[in-house]
Each structure stands twice: as structure tokens, then as C-alpha cells.
Amino acid sequence: MTEATAAVEDSGAPAILDTKDVVDMFKQCNLAVYAEARREFYREVSLNPFKPHPEGLLRMIEWQFWDWFSFDCSISDIGLTGDESSDMRVELVHNKDNGISPFRAMAEYMYAVDPQVGERNLQDFRDIDDTNFASMFWIKDANAVKGIMTVEDLINGGIYDVASPQAAEYDGARGGLIVNRIARVRGRWQGCAIPIYEAHRPDDPKTGEAIARSFRHSGYRPDFPGLVRFFYGRAKDTGLDWEEAVAAKKTGMLNQLIEQARD
């Protein structure tokens with residue numbers, strides 16, 4: 001049995017449930033669900049099997065799988081009971097209306113069996129489960145003293161003040177890109193995962209505006225594996241990853257490759 005890391009009740013900080021704990025729980029109680037989800041995630045991310053990837057990158061993408069499995073997957077809503085025969089009947093479902101997230105299932109289970117997980121902790125977990133989403137954000141401001149980053153959702157629109165320790169790293173920034181998952185807990189937005197991608201440069205506001213136009217005018221709304229694939233996997237139209245696409249653009253080859261892919 002894995003354990004959640006819960007914030008102290010009177011600290012004012014939301015409770016924390018690590019997505020690795022969620023994944024480890026399913027590896028123990030229902031390996032089939034874990035294995036099916038993992039195959040689906042890596043198939044969608046589509047890493048180039050012929051390209052050597054740094055160990056750090058592979059580890060980071062596995063962390064992204066933990067987050068996707070915990071928050072975006074859905075399992076049959078009988079949830080977790082702690083009984084081996086019951087938990088083995090849990091299945092991965094593809095209609096979220098007919099299931100619950102593994103994160104929610106783990107939270108409800110821990111509330112039922114662990115006296116240290118109280119109602120306030122459970123509400124934190126429920127709020128995270130209900131409100132979390134991942135997107136590409138343009139940094140409009142960062143304040144290290146307040147621990148707040150003001151970001152614009154480049155894909156869906158909207159401005160968010162996000163409580164984040166990364167505000168210190170970006171203090172005073174008026175630009176830059178961060179691709180992450182955020183959730184609203186105890187009345188404020190906060191990061192609830194490890195960023196998929198970060199870039200301090202370019203930081204010209206016109207760059208942020210151009211990226212926003214590209215997504216919104218095209219109607220492209222990538223899901224979470226799509227965001228990971230955008231930066232690290234092979235694009236479905238060109239077969240290139242992010243680094244290769246940037247290099248191709250610099251040499252004038254990118255448009256040609258895209259046109260060939262569309263023919």
C-alpha cells in the first residue's frame with residue numbers, strides 16, 4: 001500500500017497526493033489497467049524509436065505518464081476497495097461519464113482507510129480532480145515575493161494567477177512559455193504537476209500572440225499526450241519531433257515536408 005503525502009491540516013496548504021503513488025497502487029492492485037493505459041500513452045506520444053533519447057528525458061516522459069494516467073484516464077466507477085477480487089474487476093473506460101479518474105479513486109480509498117486523510121484533505125483532492133487541466137501558457141508576469149505567476153492560456157484563452165514556486169525562477173518575466181497542468185484548490189489556481197516544457201526565450205509578447213493565433217485560428221486543441229508529442233514525440237503530419245522541426249524550419253525544409261505529408 002502506498003501513502004499519500006498530506007499537508008498539515010492547519011498549514012493552509014492543500015493536501016498533496018503524488019501521482020506516482022496512484023500509479024504504484026494500480027500496479028499492485030490491477031496491473032492490467034496500468035499496462036493498457038501505459039501502452040496507449042506511449043503510442044500517442046510516439047517517441048522516435050530510432051533516435052537515442054537522454055535518460056533524463058525518458059524519465060520526465062514517464063512522469064508525464066503518471067500525471068496523465070492519474071488525472072485524464074477513467075476507470076469503472078466501482079473505484080478501489082482494497083479487496084483484491086474487487087479491484088481486479090476495475091477496467092479502463094473511454095467514456096468519462098461512465099467512470100472516475102484513478103486519482104479520484106485513490107483519494108476516496110485513502111479517505112475510507114486512512115484516519116490521517118480527513119474531510120478537508122479529501123475536498124482538496126476532489127477540487128484538484130474536478131478543475132485540473134493542462135495547456136500551453138504564456139508568462140505575462142511573475143512575482144517571487146508573492147509566489148504568483150500570471151499566465152495566459154494560449155490554446156483555450158483565459159488569464160490565470162497561479163501559485164507556483166517557479167515564480168522565483170521567472171521573477172519579473174514578461175514573457176516565456178510554460179506547458180503545465182494547473183488546478184483550482186482552496187480558492188486559487190496552482191500547478192499540480194511537473195511542467196512538460198519551459199522556455200524563458202523567446203519572450204517577446206508578439207511571439208505569445210502568434211502562438212495563440214496559430215492554435216485558436218486552426219482549432220487545434222491537443223490533449224495531454226498531444227502536448228507531450230508536440231515537444232518530444234513525432235508529429236503525425238511530418239514524422240518530426242520538436243527539435244527536428246525547428247532545425248527543418250531554419251533550413252527551409254519544414255514547409256516542404258508538410259506539403260509532402262499532405263499529398
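Strand β1 (residues 74-76) and strand β2 are a good place to start in this predicted model: the two run antiparallel and are joined by two bridges. If you look for Ile-75, you will find that its bridge partner in β2 is Leu-92. Now bring in β3, and you have an open sheet of three strands in the order β2-β1-β3, with antiparallel pairing. β2 (92-93) and β3 stand at the edges with a single partner strand each, so one side of each has no neighbour in the sheet.

From β3, step along the chain to Ser-101, which sits in the loop between β3 (99-100) and α5 (102-113). Is Ser-101 buried or exposed? Its relative accessibility is 7%, and because buried means under 20%, Ser-101 counts as buried. Its side chain makes a polar contact with the side chain of Asp-129, at 2.5 Å. Leaving aside neighbours within four places in sequence, Ser-101 is in contact with Ser-70, Phe-71, Cys-73 and Asp-129.

Next, have a look at another set of strands. Strand β5 (residues 148-153) pairs with strand β6 (residues 159-163) in the antiparallel sense, over five bridges. Within this pairing, Glu-152 has Ile-159 of β6 as its bridge partner. The hairpin of β5 and β6 has five residues between the strands, and there Gly-157 takes a positive phi near 85°. β6 also pairs with strand β8 (residues 188-191), this time in the parallel sense and over two bridges. Here Val-162 stands opposite Trp-189 in β8.

That leaves the nonpolar interior. In soluble globular proteins, nonpolar side chains tend to be buried together. In this model, the largest nonpolar core has 55 residues, and those touching the most other members are Phe-26, Phe-65, Phe-69, Met-136, Leu-177, Ile-196 and Tyr-232. Which helix gives this core its largest share? Helix α3 (residues 55-71) does, with eight residues. Apart from this core lies another, of 14 residues, including Met-149, Val-151, Ala-167 and Tyr-170.

Met-136 is a handy residue to click on if you want to explore the largest core, as one of the residues that touch the most other members. Beyond its neighbours within four places in sequence, Met-136 is in contact with Glu-152, Asp-153, Leu-154 and Ile-155, among others. Its contacts also include Leu-177, Ile-178 and Val-179, as well as Ile-211 and Phe-215. Leu-227, Phe-230 and Phe-231 complete the list of contacts for Met-136. Glu-152 may look familiar here, being the residue whose bridge partner in β6 is Ile-159.

Key: Residues numbered from 1 in each chain as written. Predicted model: local features only at pLDDT ≥ 70, side-chain atom pairs only at ≥ 80, totals over all residues. Heavy atoms only, no water. Core = buried A, V, L, I, M, F, W, Y, C linked by side-chain atoms within 4.5 Å. Buried < 20%, exposed > 50% of the residue type's maximum accessible area, 1.4 Å probe, protein only. Helix = DSSP H or I, 4+ residues; strand = E, 2+ residues; numbered from the N terminus. Contact = heavy atoms within 4.5 Å. Polar contact = N/O pair within 3.5 Å; in protein donor to acceptor, adjacent residues only side chain to side chain. Pairing = 2+ DSSP bridges.
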